[in-house]
2 protein chains.
Amino acid sequence: MKARLYAPGPVEVPPLVLEATARVPHHRTAAFKEAMLQVREGLAKVACVPGEDVIILAGSGTSAFEAGLLACVPRGAKVIGLAAGKFGERWVKLARHYGYAVVEHAVAWGRDFDLSELAPLLRAHRDAYAVTVVHSETSTGVLHDVAAIAAAVREVLPEALVLVDAVTSLGVTELRPRDWGLDGMFAGSQKGLLTPPGLAFAWLSERAWASERDLNPSFYLDLRKERAQQRQGQTAYTPAVSLVMGLKVALAMLLEEGLERVWIRRERLSRAVLAAGEVVGCRIFAERVSPAVAALLAPDGLDAPAIVKGFAARGARIAGGQDHLKERLFRPSMMGYADAYDAVTVAAILEDVLRELGRPLPYGAAVGAAMRVLAEA
Amino acid sequence: MKARLYAPGPVEVPPLVLEATARVPHHRTAAFKEAMLQVREGLAKVACVPGEDVIILAGSGTSAFEAGLLACVPRGAKVIGLAAGKFGERWVKLARHYGYAVVEHAVAWGRDFDLSELAPLLRAHRDAYAVTVVHSETSTGVLHDVAAIAAAVREVLPEALVLVDAVTSLGVTELRPRDWGLDGMFAGSQKGLLTPPGLAFAWLSERAWASERDLNPSFYLDLRKERAQQRQGQTAYTPAVSLVMGLKVALAMLLEEGLERVWIRRERLSRAVLAAGEVVGCRIFAERVSPAVAALLAPDGLDAPAIVKGFAARGARIAGGQDHLKERLFRPSMMGYADAYDAVTVAAILEDVLRELGRPLPYGAAVGAAMRVLAEA
C-alpha cells in the first residue's frame, strides 16, 4: 500500500531533500562551512529576517524555545504565558520548570486570544519580563495573531520580550518577526521547512540578544556560544550534518518558489481540506484558522479516532486530537511536500472513510468542494 | 576527485545506513515505534547492557553528557573531573558551568592517568559525589582505562558515581559499563555507530537512576522524562526520525559482524595506520593507544598541518591536532565504514604526502608496514 503522510509534522520530505541528507561531509571542511553559511542565509530569508542570525541547533523545536528563553530572560523574572492549546501550555510548563514567576493566561482550546482581555492582564503585570505565545497552535489549528499581540504588549509593557513558538508557522504562513516587533522566534526542521526532524532554529531580536545574561543556565543550549561559532560557518558542538545538507536543498526549493507563493499555496490547500470537511458534516475547530493544519471536528455521531483509523487503513497518516480532544478532533495537514492533488486525495479519503462509517455521501461531494477552492485564481 | 573520510567522526557512513535515513515515517506510527524499540534493543546490546535503557536524544554527544550529569548529580555537589585532553576539559567546564564544586585533575595531553596519583586525590575528596572521565580521548588518541579508574574510585569512594564519555569508544573498543561498575555512559551517533551526527545516547546505572533528584534542571535534556516515553517506543519530543531509521540499520550491521569482531577489526586497522606512521618517522602520541584514532606526531622537521593538507589534496579528510597540538599532531581514524584497504590507503597517502614534503621514502615503505599488521591472524 502506498504510504501518504498528511500529519502536521514530521511532514513528507521532497525526494531531493532526502537525497541531500545522504551526504555527510565532515563538519570541519570548507564544503560544510559553505553549506552552513548558505543555510544561514536562506534560513534568515525564509524567516523574513535577511542577514540576521537564525541559530541552528541539533534538537527538537522544544530545545530551541528552551535555549531562547534561557538566553534572554533572567532567572526568577516574571513571564506571562499565553496558552490556548498543548504547545502554549508546554511553554508555561517550561518557564515554571526553570523557576520563573509564571502568570498563565489560558483560554479554551480552539479559541483565539481576545486582545481586550489581554490589555488588563498586561496592566496587572507591569513587571513582566517576557510573554510567551504560540503563532500556529498545532493542537487546535488556530493561528494566533502574534503581530497584534506583540503590538498590544508593546503598548502596555514596552520593555517586555515577546517570545513566539513558530514551529508550524515558519515557512507556512506570513511570519515577520522583525516587522512585527517579536523578540524571539523558535521553530524546527520537520514542518514548513520540509526537512526530517532533528534541527531546531532560534532567532532573537537585537534587544533580546543585548539582554545581559551572566551565564546561560544550559551548557548545550547556549545561543550566544552558537552564534559566535555559526557566524564562522561552524557550530559549538557537532552539528546534525546530514540534516543541514537536506535543509540547504529545502530552503532553495522554498526560495525558488517564492516565500509568498508558498504561503498562498499552503493556505489554499488547507482551506480546500477544510471545505471538504465542512461539506460532509465536519466543523472547523479553530476560531482563527492556521494553514498549517486543518483541525476538524468529526461529524455528529462519529468518533474522530475512527476517521483517523480509516485514513490509516488507506495508507494515509493524519493526526488525531490531543488530550481532551482525542475523541472529537482529527487533523490532516498540507504543510509538507503537498500540491493540489494531495488536498484532493485527503478529500477523497475522507469521503470514502465516512461512507464506510455509514454516511451516505454522493461520490465526489467532498472532493468537489475541495476542487472549487483549489480552482480559485 | 574521490572523497574519503578518515576523520575521528563524523565518520564514513555505510550506503545502506544512508539509504535508511531517507525514510521519515511519522513518529507516532506503529512502524516508527517498532523501529525505536528495535533500536533500543540493539543499542543496549552494542553498549553491553542488554535489556537496559539507553536513552536516545536529538542532540550531540555533549547534550547526552549534560543530561546525564544533571540527572544524577545534585546541584552544588563536588565533582572530580579527570582531564587529559580537550574532552576531559569539556566536562570540567560543563560541571563548573552548572555550579558544581569541581576538582580538576589534569595530566598532560597524551598521558594516561596514573592510578597511584589518583588514590590520594580521591582520599582528599571523600565528599565527592561524582567523577567524570573520558574513555577514548579523541584529542590525544589515548584510551583511558575506565574499568581500572572505576575500581579505584569504588575502593576509596564507594558511593561516588563514575560518569564516562564514551563518544569514541562505544562500538569501537571493549566497553562494559555494567561489568566495570560505571554509572553513566554517554555517546553520539557519528562515531563507532556509523550513523550521521544528530543523535546522542545516555546510559545510567541503577543507582544513578535511583539518585533522587527533585527537578531536572533542564526541560529538554531530561533523561527520566525520556525513559518513561522511550520504554513505550516513543520520545518526549519529536525524535530525529530519519537518523533513528539509519541507526537501526547500522546497529544490525554491527551485531551481524559481532561486537567483539568489530572491536578486533578496528583495533587492527588503527594499529596498521600507526605502524605505517612509525616506519616513516612519525611517533605515536598516546601513552595508551585508543583504536578510535591514530594520533601521530609529524616527523621531525615537518608541520602536521602540511600533512593534513596533503591528505586533503588527495581527497582524504583526516583530523589535525587540537589546541596546542595543532602544529604537531595529525589524526587519521579507522572508526567508520573502513576495512583493511582503507588502512592501506591511509598508509599510501601518508607516503605520498611525505615524499612530496621532501622525504625520500621507498615506495611501499609505509604500506608494507601497515600490511604486515593487517596480515596478522
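What is the mean pLDDT of chain A, and what percentage of its residues reach 70 or more? The mean pLDDT of chain A (pLDDT being the predictor's confidence in each residue, from 0 to 100) is 96, and 99% of the residues of this chain reach 70 or more. For the complex, the predictor gives an ipTM of 0.77 and a pTM of 0.87. This is a predicted model, in which local features need pLDDT of at least 70 and side-chain atom pairs count only at pLDDT 80 or more, whereas totals for chains, interfaces and linings use all residues. Residues are numbered from 1 along each chain as its sequence is written, chains are lettered from A and ligands numbered from 1 in the order in which they are written, and side-chain values use heavy atoms, with hydrogens and water left out.

Superposition of chain A on chain B (by least squares on the C-alpha atoms of residues with pLDDT of at least 70 in both) gives an RMSD of 0.0 Å, by a turn of 180 degrees and a shift of 0.0 Å along the axis. The two copies are therefore related as by a two-fold rotation axis. Within chain A, the C-alpha nearest this axis belongs to A:G59, at 2.5 Å. The same surface serves both copies, since 100% of the contact residues of chain A recur in chain B.

At the interface, 44 residues of chain A are in contact with 44 residues of chain B (heavy atoms within 4.5 Å). The area buried between the chains (the accessible area, 1.4 Å probe, that two parts lose on being put together, summed over both) is about 3,500 Å², and carbon and sulfur atoms give 66% of this area. Between chain A and chain B there are 0 salt bridges (a side-chain nitrogen of Lys or Arg within 4 Å of a carboxyl oxygen of Asp or Glu).

Helix 3 (61–72), helix 4 (86–97) and helix 9 (241–257) of chain A each supply at least two residues of the side that touches chain B; helices (H or I, at least four residues) and strands (E, at least two) are DSSP runs, numbered from the N terminus. Helix 4 gives the most to this side of chain A, with 4 residues.

Turning to backbone geometry, the peptide bond from A:G9 to A:P10 is cis, with omega near -10 degrees. A:P10 lies in the loop between strand 1 (4–5) and helix 1 (15–20) of chain A. In chain B, a cis peptide bond joins B:G9 and B:P10, with omega about -15 degrees. A:D323, although not a glycine, has a positive phi of about 50 degrees.
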